[in-house]
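Biologist: I'd love a close look at one part of this structure, with enough of its surroundings to place it. Please take your time and walk me through it.

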Number of protein chains: 2
Amino acid sequence: MTRSELIAQIRAKSSYLCVGLDTDMARLPAHLLREPDPVFAFNQQIIDATHDLCVAYKPNLAFYEAMGAKGWESLQKTMAYIPDTHFTIADAKRGDIGNTSRLYAQAFFGELGFDAVTVAPYMGIDSVQPFLEFEGKWVILLALTSNAGSQDFQLTQQDGGEPLFEKVMRRAQAWGSPANLMFVVGATHPEKFEEIRRIAPDHFLLVPGVGAQGGDLEQLTRFGANEDVGLLVNSSRGILYAGSGADFAEKARASAQALQAEMASLLG
Amino acid sequence: MTRSELIAQIRAKSSYLCVGLDTDMARLPAHLLREPDPVFAFNQQIIDATHDLCVAYKPNLAFYEAMGAKGWESLQKTMAYIPDTHFTIADAKRGDIGNTSRLYAQAFFGELGFDAVTVAPYMGIDSVQPFLEFEGKWVILLALTSNAGSQDFQLTQQDGGEPLFEKVMRRAQAWGSPANLMFVVGATHPEKFEEIRRIAPDHFLLVPGVGAQGGDLEQLTRFGANEDVGLLVNSSRGILYAGSGADFAEKARASAQALQAEMASLLG
């Protein structure tokens with residue numbers, strides 16, 4: 001999906017919501033466990049209940065890998081089920097030497113058909129570039145993550161004064177453009193969005209950490225949105241597990257709808 | 001596998017060789033393509049030909065993921081085939097928020113039975129700790145990697161003067177001990193091993209980059225070995241693809257044997 005197609009979807013739906021498909025066998029409603037593929041059955045109903053309210057879906061690869069080959073099949077079926085109108089993100093946080101990153105790119109873009117993959121920057125340019133070489137596909141590079149451990153290295157000053165995540169954002173702009181590179185910026189750092197927009201005014205930001213992790217949608221939108229909106233705000237657990245019974249999909253829809261309504265009002 | 005069991009294996013075999021199972025469908029000998037599972041058939045013969053010469057095997061997850069669910073099955077069969085005497089490393093370079101890292105740990109330690117997994121440090125403590133909580137299992141944390149992109153962030157000075165990879169090594173020593181934490185240090189940085197041993201005298205180092213990437217075994221052993229040897233030196237392509245015909249396993253053995261003989265002589 002191109003940048004302008006993504007923006008058109010956001011405008012049409014008044015939504016920059018990404019639904020994270022962190023589908024956890026241990027948290028599925030009991031009645032789904034009788035299905036031949038409970039994870040896919042759950043995802044199907046979540047997608048049915050939310051697709052008009054969101055512009056993106058983001059399966060978290062760990063949840064599928066934890067189930068082995070069967071999990072990989074659930075993921076393939078889920079990808080086939082997501083409508084073509086939606087931007088798809090493999091939340092994989094990969095990054096390895098060039099010949100290995102190339103294979104990960106093949107797995108996520110080629111085999112599974114994702115639009116984007118999250119990539120960790122630690123190994124530098126040749127760990128990221130193989131993903132950027134796929135025509136029409138996107139890298140979403142970790143910059144400032146939503147977890148407590150973001151303090152350990154991302155926020156420490158480099159020689160010259162800038163923290164590591166800013167160095168990552170500046171340097172990566174030589175590798176990709178706003179047409180194929182986004183950054184992960186956690187909603188738990190609302191005070192950083194103004195500075196981040198000075199560094200990367202045009203790049204989309206994928207923002208996790210709203211909901212279970214406590215980020216504030218209003219604040220991050222005020223400081224993080226640009227003229228193309230430029231945000232994909234993810235919610236996973238807050239939508240998927242809004243309910244735990246037979247009506248889980250209705251509850252998920254209500255939770256997604258509340259976020260979408262707030263987004264519509266913030267887009268004004 | 002415990003640290004003392006690993007050291008005993010190294011002493012018994014006069015070898016600190018790790019064979020990287022970067023098994024690439026595109027590079028398999030033609031006659032194996034008729035097998036029901038060519039990747040597993042290849043790995044089986046490589047293991048048969050090298051197990052007395054090496055102490056560890058390191059499947060690179062990208063190569064299996066690029067084949068989808070079928071790749072995952074090849075990996076499971078490979079893991080079941082590796083003798084219990086060998087240390088097994090999932091070269092996965094994972095790292096995510098706590099609840100997600102916990103699932104990756106479950107996938108690699110629980111589901112697949114690996115002894116160790118490579119982990120990327122960018123997301124900090126809570127991305128690493130869930131792996132360290134598995135009794136008897138190991139984290140191998142990326143410190144200074146073998147690729148060109150290691151220059152981008154790992155080698156840049158932090159405020160205070162030390163490069164990022166040193167900060168990673170110092171800080172991570174508060175998270176794990178030499179009994180459950182190793183570091184990745186690329187063989188392409190031989191001039192760094194002395195300094196690294198000052199920072200982490202007792203931790204094992206997993207050293208990729210010998211062979212195809214050009215690292216020098218003699219030099220890294222001279223500066224990198226400690227009194228327990230403390231090194232696992234990996235070779236992947238140089239062993240797996242030493243031959244490309246029906247005799248590929250003999251050629252792989254010869255290549256592994258040359259490395260083991262050099263190791264035996266360096267260990268004196």
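Modeller: Happy to! Strands here are DSSP runs of E that hold at least two residues, and they are numbered from the N terminus. One caution before we begin: this is a predicted model.

Let's start with a single residue. A:S235 lies in strand β8 of chain A, which covers residues 231-235. Is A:S235 buried or exposed? Its relative accessible area is 3%, and buried means under 20%, so A:S235 counts as buried. Setting aside neighbours within four places in sequence, A:S235 touches A:L17, A:C18, A:V19 and A:G20, along with A:V210 and A:L259.

Now to the part I'd like to dwell on, the interface between the chains. Here 55 residues of chain A are in contact with 55 residues of chain B. The two chains bury about 4,800 Å² between them, and 59% of that area is on carbon and sulfur atoms. On the chain A side, A:E65, A:Y122 and A:F153 together supply 18% of the area buried against chain B, more than any other three residues.

There is plenty of polar chemistry too. Between chain A and chain B there are six salt bridges. A:R171 makes a salt bridge with B:D152, with 3.0 Å between the closest N and O atoms. Polar contacts across the interface link 27 residue pairs, both partners being at pLDDT 80 or more.

Which elements of chain A build its side of the interface? At least two residues each come from the helices α3 (61-65), α4 (68-81), α5 (98-111), α6 (125-132) and α7 (164-172), and from the strands β3 (87-94) and β5 (138-144). The most comes from α5(A), with seven residues. Sorted by class, the side of chain A that touches chain B has 25 nonpolar, 17 polar and 13 charged residues.

To finish, a helix in the partner chain. Helix α2 of chain B, residues 38-50, has 13 residues, and at 1.5 Å a residue it should span 18 Å; its end C-alpha atoms are 18 Å apart, so the two values agree. Ten of those 13 residues are buried, so α2(B) is largely enclosed by the rest of the structure. Among the buried ones are B:F40, B:F42, B:I46 and B:I47, as well as B:N43 and B:T50. Their cover includes the strands β1 (17-21) and β2 (56-59) of chain B, plus the helices α3 (61-65), α4 (68-81), α10 (237-240) and α11 (248-267) of chain B.

How values were computed
Residues numbered from 1 in each chain as written. Chains lettered and ligands numbered in written order. Predicted model: local features only at pLDDT ≥ 70, side-chain atom pairs only at ≥ 80, totals over all residues. Heavy atoms only, no water. Contact = heavy atoms within 4.5 Å. Buried area = accessible area lost by both parts, 1.4 Å probe. Salt bridge = Lys/Arg side-chain N within 4 Å of Asp/Glu carboxyl O. Polar contact = N/O pair within 3.5 Å; in protein donor to acceptor, adjacent residues only side chain to side chain. Helix = DSSP H or I, 4+ residues; strand = E, 2+ residues; numbered from the N terminus. Nonpolar A, V, L, I, M, F, W, Y, C, P; charged D, E, K, R; others polar. Expected span 1.5 Å × (residues − 1). Buried < 20%, exposed > 50% of the residue type's maximum accessible area, 1.4 Å probe, protein only.
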